Amino acid sequence: MNYIIITFRSRNETVKFSQFLLNRGIRNNIVNTPKEVGVGCGLSISISENNLEISKRLLYSLKTNSFVGFFSVKNIGGKRVVRSI
């Protein structure tokens, strides 16, 4: 399964942005941040790859102090591969 995660340093901002996306009809889940990311509060938001651009626009329209980045998560040959995008 391929998906995108949005990572923050603050759990509070993670939860708030997840709700912000839901209120705008963008499905998402709060997930554990993959250890490969190496930063963050331990929680991230997962979204489908189809929702990346709208999520970026919405995030960049807000003032957030703890945003870390967007990461692609892919399963390749049974192994999880995480990369910054």
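Trainee: How many of the five residues of β3 are buried?
Mentor: Five of its five residues are buried, so β3 is mostly covered, where buried means under 20% relative accessible area, exposed over 50% and partly exposed in between, with a 1.4 Å probe and protein chains only. Keep in mind that this is a predicted model, in which local features need pLDDT of at least 70, side-chain atom pairs count only at pLDDT 80 or more, and totals for chains, interfaces and linings use all residues. Residues are numbered from 1 along each chain as its sequence is written, and side-chain values use heavy atoms, with hydrogens and water left out.

Trainee: Which residues are buried on each side of β3?
Mentor: L43, I45 and I47 are buried on one side, and S44 and S46 on the other. Strands here are DSSP runs of E with at least two residues, and helices are runs of H or I with at least four, numbered from the N terminus.

Trainee: And which residue of β1 stands opposite S44?
Mentor: T7 does, and β1 runs antiparallel to β3, joined to it by four bridges; two strands pair if DSSP finds at least two bridges between them. Strand β2 (residues 29-32) is also antiparallel to β3 with four bridges, and there V31 stands opposite S44.

Trainee: Switching to α2, which residues are buried there?
Mentor: In α2 (residues 52-60), they are L52, S55, L58 and L59. They line one face of the helix, because seen down its axis they fall within an arc of 130°, taken from the directions from the helix axis to the C-beta atoms.

Trainee: What about the other side of α2, buried or exposed?
Mentor: R57 and Y60 are exposed there.
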